[in-house]
Amino acid sequence: MLKIHHLSKQFDDSNKPVIDDLDLSLDTGQSVSIRGASGSGKSTLLSLIAGFDEPDSGSITVHNVTLPFKGEKQADRFRREHLGVVFQSFNLLSCLSVEDNIAFTARLKGNVDPDYQQHIMQRLGISALAGKSAALLSGGEQQRVAIARALVHKPSLILADEPTGNLDEDNSEKVSAALYALCCELNTTLVVVTHSNEVAALAQRQCWLRHGKLED
Ligand SMILES: Nc1ncnc2c1ncn2[C@@H]1O[C@H](COP(=O)(O)OP(=O)(O)O)[C@@H](O)[C@H]1O
Ligand SMILES: [Mg+2]
């Protein structure tokens, strides 16, 4: 479902590639965790998979679509239908309530499933926050809302960039268990970047990003 072949990316202001001839192949429903030093290129890799950024060489195929997208229209449609992203910065809309932030993606897709939304909010422990303005949430609460928002339209691939980075150990365990379980329910492929060994250990496959390549 995700096939990455010979992928390379170098930023103009750097003398070596941040992603260097990287390969990764994932089946539908498979989960992989990626650890690596700060600055090793983890966020860059996710951004290439989402098509937010373009590689210098190599290929990425997601759900039978080979990147780059043919224009913004195809990109938007693909991300709406197939992709859920949990950004390192949450990008919540502070003018909206928690439930409206979560429903936003599903509404764009014209595919609102209120029962499913309730289910994930409950699983992530944010049901009681439904009507609260996103501007009033703690970092940990925003993180859970961002995860719910990434899942609500039942995507085939979730890219999560340090999804528990703002949670204490206890909550990190609960929220990551919920994330893996929800992906498992939907048979959604999950790529999770994390610094936490506990969060990483929950994935079926565990990789390290080193010198631009993934090592198992
Ligand atoms: N848009 C960009 N322009 C130039 N350099 C970038 C850009 N994005 C990331 N980098 C550089 O690429 C390297 C990898 O960054 P990043 O992917 O954010 O690492 P990680 O997520 O593993 O901490 C860093 O050295 C960072 O400074
Ligand atoms: Mg990062």
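# Exercises on sheets, helices and rings

Helix H5 (residues 139-151) is in contact with S6 and S7 and lies across them, at about 170° to S6. The structure is a predicted model. The exercises below begin with the sheet that holds these strands.

**Exercise 1.** State the order of the six strands in the open sheet and find its edge strands.

Solution.
- Step 1. The six strands follow the order S6-S7-S8-S3-S9-S10, and their pairing is mixed.
- Step 2. Strand S6 (83-86) and strand S10 (213-215) each pair on one side only, which makes them the edge strands.
- Step 3. From one strand to the next, the twist averages 20°.
- Step 4. For a parallel pair, take strand S7 (residues 157-161) and strand S8 (residues 189-193), joined by five bridges. Asp 161 has Val 193 in S8 as its bridge partner.

**Exercise 2.** Work out the order and the pairing of the four-stranded open sheet, and explain what is left open at its edges.

Solution.
- Step 1. The order is S2-S1-S4-S5, with antiparallel pairing.
- Step 2. Strand S2 (19-26) and S5 each have a single partner strand, so one side of each lacks a neighbour in the sheet.
- Step 3. Between S1 and S2 there are five bridges in the antiparallel sense; Ile 4 stands opposite Leu 24 in S2.
- Step 4. Strand S1 (residues 2-9) is also joined to strand S4 (residues 57-62) by five bridges, again running antiparallel. Here Ser 8 has Ser 57 in S4 as its bridge partner.
- Step 5. S4 and strand S5 (residues 65-66) run antiparallel and share two bridges, with Val 62 opposite Val 65 in S5.
- Step 6. Two residues separate S4 from S5 in a hairpin, and His 63 in the turn has a positive phi of about 50°.

**Exercise 3.** Which strands does helix H1 lie across, and at what angles does H1 run to S7 and to S1?

Solution.
- Step 1. In one set of contacts, helix H1 (residues 42-49) lies across strand S3 (31-35), S7, S8, strand S9 (205-210) and S10, and runs at about 155° to S7.
- Step 2. H1 also lies across S1, S2 and S4, at about 120° to S1.
- Step 3. S7 belongs to the sheet of six strands, and S1 to the sheet of four. H1 therefore has contacts with strands of both sheets.

**Exercise 4.** How many aromatic pairs are there? Classify each by the angle between its planes.

Solution.
- Step 1. Ring centres must lie within 6.5 Å, and planes neither under 30 degrees nor over 60 apart count as tilted. The count comes to two aromatic pairs.
- Step 2. Phe 52 and Phe 87 are 6.0 Å apart, centre to centre, with 35° between the planes, so the pair is tilted.
- Step 3. Phe 52 sits in the loop between H1 and S4, and Phe 87 in the loop between S6 and helix H3 (98-109); the pair therefore ties together parts 35 residues apart in sequence.
- Step 4. Phe 52 is partly exposed at 42% relative accessible area, and Phe 87 is partly exposed at 30%.
- Step 5. Phe 69 and Phe 78 form a tilted pair, 5.3 Å centre to centre with 45° between the planes.
- Step 6. Buried means under 20% relative accessible area. Phe 69, at 13%, is buried, and so is Phe 78, at 6%.

**Exercise 5.** Which lysine lies over the face of Tyr 116?

Solution.
- Step 1. The residue is Lys 154, at 4.9 Å from the ring centre of Tyr 116.

Key: Residues numbered from 1 in each chain as written. Chains lettered and ligands numbered in written order. Predicted model: local features only at pLDDT ≥ 70, side-chain atom pairs only at ≥ 80, totals over all residues. Heavy atoms only, no water. Pairing = 2+ DSSP bridges. Axes fitted to C-alpha atoms, helices over the stretch in contact; angles between N-to-C directions. Contact = heavy atoms within 4.5 Å. Buried < 20%, exposed > 50% of the residue type's maximum accessible area, 1.4 Å probe, protein only. Lys NZ or Arg CZ within 6 Å of the ring centre and 35° of its normal.
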